[in-house]
Amino acid sequence: MNFDYNEEQQLLADSVRRFLAKDYAFEARRKIVASKDGWSPAVWSTLAEMGLTGLPFSPDYGGFGGGAVDLMGVMEAAGEAMLVEPYLATVGLGAQFVARAGNDAQKKAILPAVVEGKLKMAFAQTEKGARYNLARVQAHAQKAGGGWEISGEKLVVLGAPAADKFVVSAKTENGLSLFLVDSSARGLKIKSYVTLDEQRAGDVSFSEAPGELLGAEGGALPVIEEVVDFATALICAEAVGAMKFACDATLEYLKTRKQFGVPIGTFQALQHRMVDMYVSYEQAKSMACLAASKSDPPVDAKDRARSISAAKIKIADNVRHISQESIQLHGGMGMSEELKVSHTFRRLTMIAQQFGDAEHHLARFAALS
Amino acid sequence: MDLNYSQDESAFRDEVRGWLKANLPQDLRDKIANYEELGRGDLLRWHKILAKKGWVAPAWPKEFGGTDWNVVQRYIFEEECGFAGTPPLIPFGLSMCGPVLLRFGTDAQKKRFLPDIYNGDVFWCQGYSEPGSGSDLASLKTRAERRGDHYIVNGQKTWTTLGHFADWIFCLVRTDSSLSKRQEGISFLLIDMKTPGITVRPLILMDGGHEVNEVFFDDVKVPVENLVYEEGKGWTVAKYLLGHERMNTGRIGASKRELAKLKEFAGRQKGDDGRPLIEDARFRDKLTRVEVELMALEITNLRFLDQMRRSGQPPGADVSMLKIKGTEIQQALSELSMQAVGPMAQPFRPAGIDGAGGGAFDHFTAGLAPRYCNFRKTTIYAGSNEIQRNIISKMTLGL
């Protein structure tokens, strides 16, 4: 039993935190969010230089061979700073499929480029009416020449506007499968937009777009579940960082804001609510530790899924609690977009529903019990 | 990061689990499983079994019978006891009076009282709360006047848990009421319950159970050698005890057992549609949320233990968090258990009435609603959860 990060993990998390505090402070982030593309090539190349884009990939492809626990401290730091770069889409989703399901040629072609920060990816999965059901896919693929052609519509593809390559789920006559499709492929169209939490996403349509099979034809569902669980563990850690900021900022406000001649933190009604936020944070952090520790192989698939769902239930409930209270305790100021805490609110609100809300994971947890 | 116990810790857990399985008498196991009230004999019997094994006071120094276990081992032991469903070890002697004497007692006091506490030959209770002094303990009024080599004690204690079983009581009393600071002038006295002038009156709780009492003191003569530490320094002693909390404040092992039991019998109960209640999504979601809260609390508790083990520091305000969450979970489980039996929660089996005289209803089922009533106490006792929030607010958050 040991809950500390090892020295390397701690050093990495600290250096990420230092970099983000310096170059990704609230004003700098605001400019990036307002820019045309909504992410920063300069920041992205720094993330690559720091080894973050290579962290969870095999040294065979230039990576550092880390796992979810190694990423946990990074994601906490990202959550505190509310990083909007397409890091989760690339490192937590797209390239994970290549690392877990790809053949050696695909890994060689893609992973070193991801590690070096030269290639960004996105995972095109959600479809109209599918909600959180990962098996409900209408997009389809058929053999054409030596390769495949993919057709279908994917919604809210995180990081789509920045992606160089997509991992797309589609059905063949043998069942659910995964395909690699270049963003420049013919028949591929992206309608880009900004999400509530200030990230970039898009609806992506494929019309007989040429693609390459990734992994076993018809055997994609277990891999999709595995990678989505991995990404869920990462946003649980990100949530912990964002919750920490929300709690810290609220506590600071209670100590400095004066009404009736005294700091409002002297009022017991507010003290107890602040304590409950803090307890909520600690409970959520515990579940994020569980999620990270169960995300890396070799964990039994059922054990992994059950643990991730348990974590996401707790995270979903507690991010709602903490984000709502952080606004209430800031009074009118919390409503203002001038305060970072209102932006944390937006990210935490979306985390509660990303990769399954509490109700989805309650059902999944029960089905696995 | 590794959330699992080390090989040594797992081996220790298996040893404890195996020993408890072999040595917890079946009749005691059944009483606990059926939520029956335990008598003095039941409690002391289990105490003596553990004393014989040498496991009754793990935290004490080795020379007085302690086990030399580290904080993680102590936690594992207590949680395994909870999970196995052993009778509780009554804390007043082992975890309160004992540690106080070890820290503040004279050699004579240690020699006189500690062996009896260890062996379960003397049953202790705690005289803190008074009718006018609950959370505001320092306002206590029971007074002790020095007359030669005795104190004369007059006043009243209340909510005295298991006072009707007790041979001795440790009390906070006021020895000087002239001081402006209320915490000063309080002393810590050990009092033999057989002393003339002591009257114990039962307080029956809403579940029909008798576990707490009022204790009246009417010119009770207490020898001065029963004063612990200095006269007027009782508050220092009381504060020391607050920092001497047990490892299992969250009662996670016991809640795990209750959760498993609830799942099992919710599988046998039928929902409105005739299918097992456990498959009813509305019921199931409530149950899962409690289960997840309990998983989180267990990991939180282990995280705190890991920190304590590294830093060597006592747990401080973290214990307050475990108390808040642990008791909320216990209450939620008792509420869901009652809810699970639906209309059959109505027949009343008062606590303390055993199965023999039963009535026409199912004995176990009829115990669930009284238990729900009884468990409302958990967020009130041992420092109400609001007091715990005050502690975190002040100590951890600096508000």
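Helix H11 (residues 358-368) of chain A packs against helix H9 of chain B at an angle of about 90°, and their axes are 10 Å apart. The axes are lines fitted to C-alpha atoms, for helices over the stretch in contact, and angles run from 0 to 180 degrees between N-to-C directions. H11(A) is therefore roughly perpendicular to H9(B), a term for angles of 65 to 115 degrees. Helices here are DSSP runs (H or I, at least four residues), as are strands (E, at least two), numbered from the N terminus.

The model is predicted: local features need pLDDT of at least 70, side-chain atom pairs count only at pLDDT 80 or more, and totals for chains, interfaces and linings use all residues. Residues are numbered from 1 along each chain as its sequence is written, while chains are lettered from A and ligands numbered from 1 in the order in which they are written.

**The contact between the chains**

On the H11(A) side, the helix contact is made by Leu362(A), Phe365(A) and Ala366(A), and on the H9(B) side by Arg284(B), Asp285(B) and Thr288(B). Two residues are in contact if their C-beta atoms, placed from the backbone, lie within 7 Å. By class, this contact of H11(A) with H9(B) has 3 nonpolar, 1 polar and 2 charged residues. Ala, Val, Leu, Ile, Met, Phe, Trp, Tyr, Cys and Pro count as nonpolar, Asp, Glu, Lys and Arg as charged, and the others, Gly among them, as polar.

Between the whole chains, 31 residues of chain B are in contact with 27 residues of chain A. Helices H9 (281-311), H10 (318-340) and H12 (385-395) of chain B each give two or more residues to the side of chain B that touches chain A. H9(B) gives the most, with 13 residues. That side of chain B divides into 15 nonpolar, 6 polar and 10 charged residues.

**The two chains**

| Chain | Helices and strands | Span of the C-alpha trace along its principal axes |
|---|---|---|
| A | 11 helices and 9 strands | about 80 × 45 × 40 Å |
| B | 12 helices and 8 strands | about 75 × 50 × 45 Å |

The radius of gyration is taken over C-alpha atoms, and the globule rule is 2.2 Å times the number of residues to the power 0.38. For chain A the radius is 21 Å, close to the 21 Å that the rule gives for 369 residues, so chain A is as compact as a globular protein of that length. For chain B the radius is 22 Å, close to the 21 Å given for 399 residues, so chain B too is as compact as a globular protein of its length.

Buried residues make up 53% of the 369 residues in chain A, and 39% of the 399 residues of chain B count as buried. A residue is buried if 20 or more other C-beta atoms, placed from the backbone, lie within 10 Å of its own.

**The core and one loop residue**

A nonpolar core is a set of buried Ala, Val, Leu, Ile, Met, Phe, Trp, Tyr and Cys residues joined through C-beta atoms within 7 Å. The largest one has 209 residues, and those touching the most other members are Cys236(A), Ala239(A), Met243(A), Met287(A) and Ala288(A). Helix H7 (residues 220-256) of chain A supplies the largest share of this core, 22 residues. Beyond its neighbours within four places in sequence, Cys236(A) is in contact with residues including Met287(A), Ala288(A) and Ile315(A).

In chain B, Glu36(B) lies in the loop between helix H2 (26-33) and helix H3 (40-53). Glu36(B) counts as buried because it has 20 C-beta neighbours inside 10 Å.

Notes
Buried ≥ 20, exposed ≤ 12 C-beta atoms within 10 Å, placed from the backbone. Parallel < 35°, antiparallel > 145°, perpendicular 65-115°, else oblique.
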